[in-house]
Amino acid sequence: WTDDRMTIDGNVYWDRRSGTNVSKFALGQGTDLPAWRDRGHDRNTLLADPRFVAPERGDFRLQNDSPAVKNGFGPVDVSQVGVRSNSAQK
């Protein structure tokens, strides 16, 4: 996190816990977002509620008016995500 040899951009950061201020997120070993952006990271990232359909029920699909959709996120085929048996990969 300190050598800047990575590309991090186009994210949507949000924290729905009560009393949390998303603009004070610490990124890259405690760096605030403006300083993080000055280092070249997350310049196109949004601090916004991604507007999941029903996260309390585990439904993390994005609503049509989601800022994440506007930022380029799309549906994820979860059948292709995570650990699968070798037979499932054939």
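Let's start with burial: of the 90 residues in this protein, 24% are buried. Please keep in mind that what you see above is a predicted model. While we are on the topic of surfaces, the accessible surface comes to about 6,900 Å², and carbon and sulfur atoms account for 49% of that area.

Now, the overall layout. The protein has 2 helices and 6 strands. If you follow the chain from the N terminus, the elements go β-β-β-α-β-β-β-α. How does the radius of gyration of the protein stand against the globule rule? The radius is 16 Å, well over the 12 Å that the rule gives for 90 residues, so the protein is more spread out than a compact globule. You can put dimensions on that, too: along its principal axes, the C-alpha trace spans about 45 × 30 × 25 Å.

What about contacts along the chain? Take those with a separation of 6 or more: 52% of them are between residues 24 or more positions apart.

On to charges. There are 13 positive side chains and 12 negative ones, and the centres of these two sets lie 4 Å apart.

Let me now zoom in on one residue, Asp 59. You will find Asp 59 in strand β6, which covers residues 59-62. Is Asp 59 buried or exposed? Its relative accessibility is 18%, and buried means under 20%, so Asp 59 counts as buried. Which side chain does the side chain of Asp 59 join in a polar contact? That would be Arg 61, at 2.6 Å. Leaving aside residues up to four places away in sequence, Asp 59 also touches Phe 52, Val 53 and Ala 54. Those residues are easy to find, as strand β5 spans 52-54.

Just before that strand comes a residue with a backbone angle to look at. Arg 51 sits in the loop between β4 (46-47) and β5, and its phi is near 60°, a positive value in a residue other than glycine. As background, most residues other than glycine have a negative phi. Arg 51 has a relative accessible area of 31%, so it is partly exposed.

Asp 4 is another case, with a positive phi near 60° in a residue other than glycine. Asp 4 belongs to the segment before β1, the strand at 12-13. Its relative accessibility is 29%, so Asp 4 counts as partly exposed.

To finish, have a look at Asp 59 and Arg 61 in the structure above, and find that polar contact between their side chains for yourselves. Thanks, everyone!

Technical notes:
Residues numbered from 1 in each chain as written. Predicted model: local features only at pLDDT ≥ 70, side-chain atom pairs only at ≥ 80, totals over all residues. Heavy atoms only, no water. Helix = DSSP H or I, 4+ residues; strand = E, 2+ residues; numbered from the N terminus. Rg over C-alpha atoms; globule rule 2.2 N^0.38 Å. Buried < 20%, exposed > 50% of the residue type's maximum accessible area, 1.4 Å probe, protein only. Contact = heavy atoms within 4.5 Å. Areas by Shrake-Rupley, 256 points an atom, 1.4 Å probe, with all protein chains shown as cover. Lys, Arg positive; Asp, Glu negative; His and termini not counted. Charge placed at Lys NZ, Arg CZ, Asp CG, Glu CD. Polar contact = N/O pair within 3.5 Å; in protein donor to acceptor, adjacent residues only side chain to side chain.
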